[in-house]
Amino acid sequence: MLGQVGHAALALMSLLLLLWHEAAPIEVPQDLKILQDLKQPPTIIKQSVKDYIVDPRDNIIIECEAKGNPVPTFSWRRNGKFFNIGKDPRVTMRKRSGTLEIGFRSGGRPEDYEGEYQCFASNDFGGALSNKILLRVSKAPLWPKEVLEPVSVTEGSPLVLPCNPPPGLPPPFTFWMDSGMSPIPQDKRVSMGLNGDLYFSNVLARDAHTDYSCNARFLFTHTIQQKNPFTLKVQTSRKVAESTPTFLSPSGTESSKMVLRDEQLLLECIAAGLPTPTIKWFKKGGDLPGRKVKFENYNKTLKIINVSEEDAGEYVCMANNHLGSIRHSIFVQIKAAPYWLDKPSDLVLAPDENGRLVCRANGNPKPNIQWLINGHPIEGYPPNPNRQVLGDTIIFRSVQIGSSAVYQCNASNQHGYLLANAFVSVLDMPPRMLGPKNQLIKVIENNRTFLDCPFFGSPLPDLRWFKNGQGSGLDGGQYRAYINGTLEIKRARAEDEGTYTCVANSILGTAENQVRLEVKEPTRIVRLPEHQSAVRGSTTRFDCKVKSDPSLTVTVAWMKDDKPLYLGWRLRKDEESLTIPNVNEGDEGTYTCTVKSEIDQDSASARLTVLDRPDAPMDLDLSDPAARSVRLTWIPGNDHRSPITEFLVQFEEDRWEPGRWQKLSSYPGDLNSVILQLAPFVNYQFRVIAINSVGQSPPSGPSPRYKTSGAAPDAIPRGLRGSGSKKDNMEITWEPLLDLERNGPNLHYSIWWRRKDSGEEWSNVTTVGSKHVVHNTETYVPYEIKIQARNEFGSGPESNVVIGYSGEDKPSDAPTDLRVSKVDSTKVNIHWKSVNPNTVRGEFKEYRLYYWRESSQVPGLIVNKEKKTKGFYSTMAEPSGILSDLVPYSKYKMFMVVANNHFESSPSNTVEFNTKEGVPDAPRAVRMHSKSLDTISLEWEKPLEPNGILIGYQLKYQRVNGSRLGRPHLETFLPNVTEFTLRLPDRSTRYKFFLSAMTQVGAGEVYAEETPHFTNEAYIDHVDIATQGWFIGLMCAIALIILILLIVCFIKRSRGGKYPVRDKKDLPLDPVDQKDPDGSFDYQSQ
């Protein structure tokens, strides 16, 4: 019956929990003013570790610090009893803290203060507890005095040398050394176990020593204690018996091991046997945890870090050698001290609100949960209808002011405990705004925007937003209001600008704040920098043009490789670009332009690659020598980011032009080993130049010298020819072989010649020069010629036969019957009779006509009588030709000769003829000026070459209107008229004039000109300048200077002074106009 009632009560309680509404706990903001006004129970913020081992040489400090409002007071318990600090002069407590300091300067033993300590921090609203701190003093005891007898063992037998270090706190670290303080060598056969003993799987004769000493190092005191050494004697025999494996540790076939969760598991198997056994590990029913497992001590130790429940099970170690194997099973159990699943946290509630504290922990075995209030068991407090304990949970209903307290949860089992403090604070506070008042927020258009309105109150107030003080609360659509007071504007636009008001309201009051929102245009880089490659020494530029909101101040900064760029004196920055003159390798990198306003920024990057000429090739090497070739190999230098396109191989030889480097050959940039084709009898050395798009590298260092052997010449002398310098000789000349074509010493030339088609034997001569003269030849006779080069190694190839000629002489006959026909104003046909080719006495070149202008038919015109020539090449019996570019209306004379390469014949008969009248040249010295505001005057002079008798001038003029010309007007003038005045219809009218002279043949070359702009101001200045005072003064000064100079000249002349006079008798005189009554002109000399 009681069981049924209990089940019904439990079911009813579960239903009530489901229907019960719990308010979210209040989160107190970390606002300084609120925290100053906020009353809260104590919270432990610092304490010493649970297992606290101290150094006996130092003072003991047990930490305990807590916060709360009012400031907490502190007290201590020692071994479960109140610890009266005031009665012990060695113990003090720090101010505004619960930390204890125990000093021993005036005496006392630290061991007297060992025990369990617990700190209490309390104020008006509750009390908090620290962990129970077990204080122990570190100990480093000495080894017990003992006499160790020598250990005698048979060779091949196992051995264990015990260590048994003195128990210390904490336990010491053990190791084995000899008397020389050198570690005992350890390996698969000899090793130290986890307990500190030294294990020998089998003893060898070399193990016999008198100084096996175990050492214990104590960490706190930094001291090392040494055990008396063992003496090991090994009894040797001729033959050592082998043995199957046996375990030295652990013993038996199975054992067990217990380890706590999250600690380290160490399993050990050390085996004896000869040969030394090998140890292997595995886990029954599963694999070893690969990520956590490690094998140490030559596989004798298995270590698993941070063990968990799934690491429990049976582990098997197996020892084997070629005689057999044995196994040992270790059953591992994983227990666990309590660990948190849900640690209770502080709870701040408003009056009449509900809440809960949860304390969930796990362990093995499962821990027991105990609740305390202000450090005392909850069972000792009278029942409270607003508080209910349900195992690991405490439920609070309708809490009231004055019910604040600190609750402790203690979770414990046989392996340890957990203690957590969590206060329950009941708080009432009217609404208040936490952010700055009337804040101005600037945002970028179309961006997601948040307007913050931090607030606090208990109970938690309701918060609403309003825009420009109108309308209902903002929430939904474009706006979203968050519970923490933030208003989100999903996409800020220009119309969203304005004043936003947030209002917090609760039963205790109202608080409000305002935020002014301004929407700005985004800051953007509209012309971005681009990746560039620049040659070292050149100038490069990165663009960075910015567009931003006019009301925002924008700054532009440049970075290089993510570091601020130092401009220095060389780099130049303006609003839209960065210029880098005289680029060097240090300028290479990534340049970032960052433009910032107070609310946003933009950036863009581009990389600068600096190109340079390649470095010189290195390590030239010669290989594969042959008579006329050798292989050259080199290592290319750094190409400085511009690929090498070509290698230039140069050579220098020390026989003919030592020190002069010459081009040998070029090779593609992807080769670095080539076969060089060489000439004989040259002592070479080589160098290599690399070429890329920037330029040439410096030359490499020279290669070792390579000398080729001699050979007969391969080349034929070039430019072989024969010609006469006199009428009875022939000079045979040729170009000597180049130095690299000699192929050996003692170079000379063999020359052969004979008269062509004569059937004569070849004449021959040998010479070292490049010329040979054949004397006593007939005039202009053809010869066959050939040549061959020779040296000490033999003869080269013979040349082809070339035809040469002996010397020329003056032609014996002259052209005859020279005459003209079809005389025009500028050209004439000429005719003559040719000479016999044999009388040319040389190579016929041309019939050469000499002609000159004797005079002009225009009276009084002086002409240039310089002779001119024109050649005619013709082999006809009665050839003819045309002589052009003659001056019209002139008298000419001419004669003709026949010419070879060196001589001319006697002249032919002389012929005279007159060219016909032509059209004149253009008038000269045309001038245009304005004598008044409404007229334009044109003046000119007669043509330089009238080409006939002038009969007058023709003037055509047209009005100019932009690019269009008006109706033409024509005026004609007599030859003695050389000016024309035109009245303008208005001052801005412009005309274009076309002027030409005329003969009976017609109008000649036209001179064209357009009137300039004559402004009223210019004319007025011109008219009034004579009335200006400064102009009258200037003219007076000039007149005075001229008068003084005339007086000085007169005085010098009266004293017999001499002056240089220009001799003009040989100068041609300019023609002057002599007007006849009929208006015609004569050209006469004065």
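In which loop does Pro250 lie? Pro250 sits in the loop between β20 (243-249) and β21 (254-260). The strand numbers follow a simple scheme: helices (H or I, at least four residues) and strands (E, at least two) are DSSP runs, numbered from the N terminus.

A word on the model before going on. It is predicted, so local features need pLDDT of at least 70, side-chain atom pairs count only at pLDDT 80 or more, and totals for chains, interfaces and linings use all residues. Residues are numbered from 1 along each chain as its sequence is written, and side-chain values use heavy atoms, with hydrogens and water left out.

Back to Pro250: the peptide bond that leads into this residue from Ser249 is cis, with omega near -5°. Another cis peptide bond links Asn364 to Pro365, and its omega is about 5°. You will find Pro365 in the loop between β31 (360-364) and β32 (368-373).

Next come two residues with positive phi, shown here side by side.

| Residue | Phi | Loop |
|---|---|---|
| Asn446 | about 70° | between β39 (439-444) and β40 (449-451) |
| Tyr889 | near 55° | between β76 (880-883) and β77 (890-899) |

Asn446 is not a glycine, yet its phi is positive. Tyr889, also a residue other than glycine, has a positive phi too.

How buried or exposed is each of them? Asn446 is partly exposed, with a relative accessible area of 41%, whereas Tyr889 is buried, at 18%. Here buried means under 20% relative accessible area, exposed means over 50%, and partly exposed is in between (1.4 Å probe, protein chains only).
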